[in-house]
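Thanks for making the time, everyone. I would like to walk through one model with you this morning, going slowly and taking the charged pairs before the rest.

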Amino acid sequence: MTPRKKPKGGELSTNDKANNKTISSIRSAVERCIAHVKNWKILATGYRGRLAELPTIIRIIAALEFYRLG
């Protein structure tokens, strides 16, 4: 989802500005989440364990991260 652009020589309506702010806040949260996932060593260096166990490990890591964030 992308925010609405300001027209040439014009201004956005109050409603469009509010929608853009909502979109921006959601996108920033998603981008931070993706950055955290990229920083996880297990995903950055390549997983060398059993592939069947990978989804469980990712769920555990995500749960620990949510616990850390509160």
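Let me begin with a question: does Glu53 count as buried, partly exposed or exposed? Before I answer, please keep in mind that what you see is a predicted model. Glu53 has a relative accessibility of 35%, and it therefore counts as partly exposed. Its partner is Arg50, with which Glu53 forms a salt bridge whose closest N and O atoms are 3.0 Å apart. Arg50, for its part, is exposed, with a relative accessible area of 61%.

That pair belongs to a set of three salt bridges, which is what a search of the whole structure finds. Another of them joins the side chains of Arg4 and Asp16, with an N to O distance of 3.8 Å. This pair links distant parts of the chain, since Arg4 sits in the segment before α1 while Asp16 is in helix α1, twelve residues apart. The two ends also differ in their surroundings: Arg4 counts as exposed at 55% relative accessibility, whereas Asp16 is buried, with a relative accessible area of 15%.

Staying with helix α1 for a moment, Asn20 also lies there, and at 15% relative accessibility Asn20 counts as buried. If we leave aside residues up to four places away in sequence, Asn20 touches Pro3, Arg4 and Leu12, so Arg4 appears both in this list of contacts and in the salt bridge to Asp16.

Helix α1, which covers residues 14-39, also holds Ile26, and here the picture is of the surface, because Ile26 has 51% relative accessibility and counts as exposed. Together with Val30 and Ile34, Ile26 makes a nonpolar surface patch of about 260 Å².

Now to helix α3, residues 54-69, whose 16 residues reach 23 Å from the first C-alpha to the last, close to the 22 Å expected at 1.5 Å a residue. Within this helix, Glu65 forms a salt bridge with Arg68, and the closest N and O atoms are 2.6 Å apart. Why are these two separated by about one helical turn? Because Glu65 and Arg68 are three residues apart in helix α3. In general, an α-helix has 3.6 residues a turn, so residues three or four places apart point the same way. Even so, Glu65 is buried, with a relative accessible area of 16%, while Arg68 is exposed at 54%.

Finally, just after α3, Gly70 takes a positive phi of about 100°.

Definitions and conventions. Residues are numbered from 1 along each chain as its sequence is written. This is a predicted model: local features need pLDDT of at least 70, side-chain atom pairs count only at pLDDT 80 or more; totals for chains, interfaces and linings use all residues. Side-chain values use heavy atoms; hydrogens and water are left out. Patches are made of residues with over 30% relative accessible area and no salt bridge: like charges are joined within 9 Å, nonpolar side chains (Val, Leu, Ile, Met, Phe, Trp, Tyr) within 5 Å. Accessible areas come from the Shrake-Rupley method with a 1.4 Å probe; for residues, only the protein chains shown count as cover. A salt bridge is a side-chain nitrogen of Lys or Arg within 4 Å of a carboxyl oxygen of Asp or Glu. Helices (H or I, at least four residues) and strands (E, at least two) are DSSP runs, numbered from the N terminus. Buried means under 20% relative accessible area, exposed over 50%, partly exposed in between (1.4 Å probe, protein chains only). The expected span of a helix is 1.5 Å times one less than its number of residues. Contact means heavy atoms within 4.5 Å.
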